[in-house]
Amino acid sequence: MARNSNILTRGLHGTIGKSVVFKKINGENVATTYPDRSQVKFTKKQEGYQNILAQAAAYASAILKDPEKTDEYILKIRTGSSSKRKMSVYHYAVQEFMKQHSKKVPVNDVMRQIEKYQETFEPGERGTMVLKYLAKQKEMSNADYRRMTGVSKPTATRHLAALVQEGLITRSSRGAGALYVLNPLVKNNRLIQG
């Protein structure tokens, strides 16, 4: 990563092919190499989300190609809430598709699972936040924890390690991008279903 002090490229953001990336970090313009993501392995859940997003993009593109459907969406946008009125037809269609096809966990199921874990563990404030998140999302990364709590990366790593040691959660993968899941509850040597 190098400071971008060149007068011709200062203030640029984006990429040049797959070689250079211009971005702003902490208010400073920098130029970096394009990230190599060839070794990244996605979880089944991440692959599922990517598949749904690809379908949503195809759906929105099809809407834009059909003038009648585009007009219908323009009408939906105009009559929608004030926050929706600023959306493009493409983004509105993507959002609508994602709402229809995302898997939502019923609130009652989440609450029952949280209660079972609270009976077994005394999770405290941090643990309860993690418990609520994992009851809905099933997986959590260090970055998810930092977004939720506002702590630094080392602090998040310590907090998550403490929750692993307490037995509330376990690491389902290792290394950068490690994911955490709830430990299954066991009572009288039998797995309690969430």
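## Helices, a small sheet and one odd lysine

Helices α5 and α6 are oblique to each other. Keep in mind as you work that this is a predicted model.

### Exercise 1: Two helices that cross

Work out which angle puts α5 and α6 in the oblique class, and list the residues that meet.

**Solution**

1. Start with the general idea: a packed pair of helices is described by the angle and the distance between their axes.
2. Find the two helices: α5 covers residues 124-137 and α6 covers residues 142-149.
3. Their axes come within 11 Å and cross at roughly 120°.
4. Angles of 65 to 115 degrees would count as roughly perpendicular, and those over 145 as roughly antiparallel. The pair is therefore called oblique.
5. Now the handedness: the crossing of α5 past α6 is right-handed.
6. On the α5 side, look for Arg126, Met129, Val130 and Tyr133; they meet Asp144, Tyr145, Met148 and Thr149 of α6.
7. Sorted by class, this contact has five nonpolar, one polar and two charged residues.

### Exercise 2: The next helix along

Find the angle between α6 and α7, and say which class the pair belongs to.

**Solution**

1. Helix α7 spans residues 153-166.
2. The α6 and α7 axes are 9 Å apart, and the helices pack at about 105°.
3. That angle lies in the 65 to 115 range, so α6 and α7 are roughly perpendicular.
4. From α6, the contact uses Asn142, Tyr145 and Arg146; from α7 it uses Lys153, Ala156, Thr157, His159 and Leu160.
5. Here the class count is three nonpolar, three polar and two charged residues.

### Exercise 3: Put the strands in order

Give the strand order of the open three-stranded sheet and name the edge strands.

**Solution**

1. Begin with β5, residues 140-141: two bridges join it to β7, and the two strands run antiparallel. Ser141 stands opposite Leu179 of β7.
2. Move on to β6, residues 169-171: it pairs with β7 over three bridges, again in the antiparallel sense.
3. Check the β6 partners. Arg171 is bridged to Tyr180 of β7, while Ile169 has Leu182 of β7 as its bridge partner.
4. The order is β5-β7-β6.
5. β5 and β6 each pair on one side only, and they are the edge strands.
6. Next, see what packs here: α7 touches β5, β6 and β7, and its direction makes about 110° with that of β6.
7. α5 lies across β5, β6 and β7 too, running at about 90° to β7.

### Exercise 4: Two faces of one strand

Decide whether the residues on the two faces of β7 are buried or exposed.

**Solution**

1. β7 is made of residues 179-182.
2. Sort them by side: Leu179 and Val181 are on one, Tyr180 and Leu182 on the other.
3. All four are buried, and both faces of β7 are covered.
4. For context, buried residues make up 27% of the 194 residues in the chain.

### Exercise 5: A lysine with an unusual angle

Say where Lys138 sits, what its phi is, and how its accessibility is classed.

**Solution**

1. Look in the loop between α5 and β5, and you'll find Lys138.
2. Most residues other than glycine have a negative phi.
3. Lys138 isn't a glycine, yet its phi is positive, at about 75°.
4. Its relative accessibility is 42%. Buried would need under 20% and exposed over 50%, so Lys138 counts as partly exposed.

Note on methods: Residues are numbered from 1 along each chain as its sequence is written. This is a predicted model: local features need pLDDT of at least 70, side-chain atom pairs count only at pLDDT 80 or more; totals for chains, interfaces and linings use all residues. Side-chain values use heavy atoms; hydrogens and water are left out. Axes are lines fitted to C-alpha atoms, for helices over the stretch in contact, and angles run from 0 to 180 degrees between N-to-C directions. Angles under 35 degrees count as roughly parallel, over 145 as roughly antiparallel, 65 to 115 as roughly perpendicular and the rest as oblique. A crossing is left-handed if the near helix is turned anticlockwise from the far one by less than a right angle, and right-handed if clockwise. Contact means heavy atoms within 4.5 Å. Ala, Val, Leu, Ile, Met, Phe, Trp, Tyr, Cys and Pro count as nonpolar, Asp, Glu, Lys and Arg as charged, and the others, Gly among them, as polar. Buried means under 20% relative accessible area, exposed over 50%, partly exposed in between (1.4 Å probe, protein chains only). Two strands pair if DSSP finds at least two bridges between them.
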